[in-house]
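Reader: I would like to learn how to read a model like this one, feature by feature. Could we begin with a single residue and then widen the view?

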Amino acid sequence: MADADIAIVRIAPETSFKNKAYEALKDAILKMDIYSTPEPVMLDERALSERLGVSRTPIREAIAMLEQDGFVKTVPRRGIIVVRRSKAEIVDMIRAWAALESMAARLITTTARKRDITALRDYFKDFNLTDRLPQDHVEEYSKANIAFHQALISLSESPTLVDMTNDILLHVRGYRQLTIGRRDRTATSLPEHLAIIEALEARDTELAEKRARDHTLGLAAYVETHGQELFT
């Protein structure tokens, strides 16, 4: 089993340790790449207690809250496992993200400032289709890819869209990272991203919405077709 490399910040002494532990652990889990290995990602209650600087009681309470939210599950004789979704669930989440991101694109064309839209190009300034191909720098491009999609949601300036995507971010992001290294995905990714930005810059609402939706639906179709191969 894979030990979780979990980035968490020690909690300052306060009264609501349970809530602070919950927020710290949830934030840390959302930043994890739980699909990078086929092995289950485990959390250790004692280690979490030491890392956060609180007793094990608020950790147990926080884990119970996280379990209720569907982030973790406690398995007898095994421990605390970060929940991963099935292929069918992931495809469904990606399709939902496509709908949310297409609405974000629509909002961006009507409300975002020109310089903020243009700034989206900065995510891909270090890549091109001649001498610096994304597929030759997969790790760097993967980070740019994830940041771009999160920026689209943020640029919509819709708190509701942000909240709704946060609920599925862990899983959609994980599969974006998992698939971006596949050459047939990487080759089409950059042109599609730039096409979305072009439509946003042109304030072409219908086209921007369509391109954003179709791009992410392409990921859903890829996972649906190749999902079983991704860990091989």
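Author: Let us start at the surface of this predicted model, with Arg77, whose relative accessibility is 85%, so that Arg77 counts as exposed, the cut-off for that class being over 50%.

Reader: Where does Arg77 sit, and what is its phi?

Author: Most residues other than glycine have a negative phi. Arg77, although not a glycine, has a positive phi near 65°, and its place is in the loop between β3 (72-75) and β4.

Reader: Which other residue has a positive phi although it is not a glycine, and is that residue exposed, partly exposed or buried?

Author: Arg203 has a positive phi of about 60° without being a glycine, and it lies in the loop between α8 (183-201) and α9. Its relative accessibility is 34%, and therefore Arg203 counts as partly exposed.

Reader: In which loop is Arg113 found, and how far is its C-alpha atom from that of Lys125?

Author: Arg113 is found in the loop between α4 and α5 (114-118), and with a relative accessible area of 46% it is partly exposed. Arg113 and Lys125 are twelve residues apart along the chain, and their C-alpha atoms are separated by 20 Å.

Reader: What can be said of Leu219, in its accessibility and in its contacts?

Author: Leu219 belongs to helix α9, and because its relative accessibility is 1%, against a limit of under 20%, it counts as buried. If its neighbours within four places in sequence are left aside, Leu219 is in contact with Ile94, Tyr175, Arg176, Thr179 and Arg185. Of these contacts, Arg185 is 34 residues from Leu219 in sequence, while the two C-alpha atoms are 8.3 Å apart in space.

Reader: How should I read the interior as a whole, and which residues touch the most other members of the largest nonpolar core?

Author: A nonpolar core is read as a set of buried residues joined through their side chains. The largest one here has 42 residues, and those that touch the most other members are Ile29, Leu43, Ile63, Leu66 and Val72. Two or more residues are given to this core by each of α1 (17-30), β2 (41-43), α2 (45-52), α3 (56-68), β4 (79-82), α4 (87-111), α7 (159-179) and α9 (205-226). Apart from it lies another core, of 21 residues, including Ile108, Phe124, Tyr141 and Ile180.

Reader: Which residues is Ile63 in contact with, leaving aside its neighbours within four places in sequence?

Author: With those neighbours left aside, Ile63 is in contact with Leu25, Leu48, Val72, Thr74 and Ile80. For the chain overall, among contacts with a separation of 6 or more, 77% join residues 24 or more positions apart, and buried residues make up 46% of the 232 residues.

Reader: How many helices and strands are there, and in what order do the elements run?

Author: There are nine helices and four strands, and from the N terminus on they run β-α-β-α-α-β-β-α-α-α-α-α-α. The radius of gyration is 19 Å, close to the 17 Å that the globule rule gives for 232 residues, so the chain is as compact as a globular protein of that length. Along its principal axes the C-alpha trace spans about 55 × 40 × 30 Å.

Reader: Finally, what does the surface expose, and how are the charges placed?

Author: The protein chain exposes about 12,000 Å², of which carbon and sulfur atoms supply 50%. It has 33 positive and 36 negative side chains, and the centres of the two sets lie 2 Å apart.

Notes. Residues are numbered from 1 along each chain as its sequence is written. This is a predicted model: local features need pLDDT of at least 70, side-chain atom pairs count only at pLDDT 80 or more; totals for chains, interfaces and linings use all residues. Side-chain values use heavy atoms; hydrogens and water are left out. A nonpolar core is a set of buried Ala, Val, Leu, Ile, Met, Phe, Trp, Tyr and Cys residues joined through side-chain atoms within 4.5 Å. Buried means under 20% relative accessible area, exposed over 50%, partly exposed in between (1.4 Å probe, protein chains only). Contact means heavy atoms within 4.5 Å. The radius of gyration is taken over C-alpha atoms; the globule rule is 2.2 Å times the number of residues to the power 0.38. Accessible areas come from the Shrake-Rupley method with a 1.4 Å probe; for residues, only the protein chains shown count as cover. Lys and Arg count as positive and Asp and Glu as negative; His and the chain ends are not counted. The place of a charge is taken as NZ of Lys, CZ of Arg, CG of Asp or CD of Glu.
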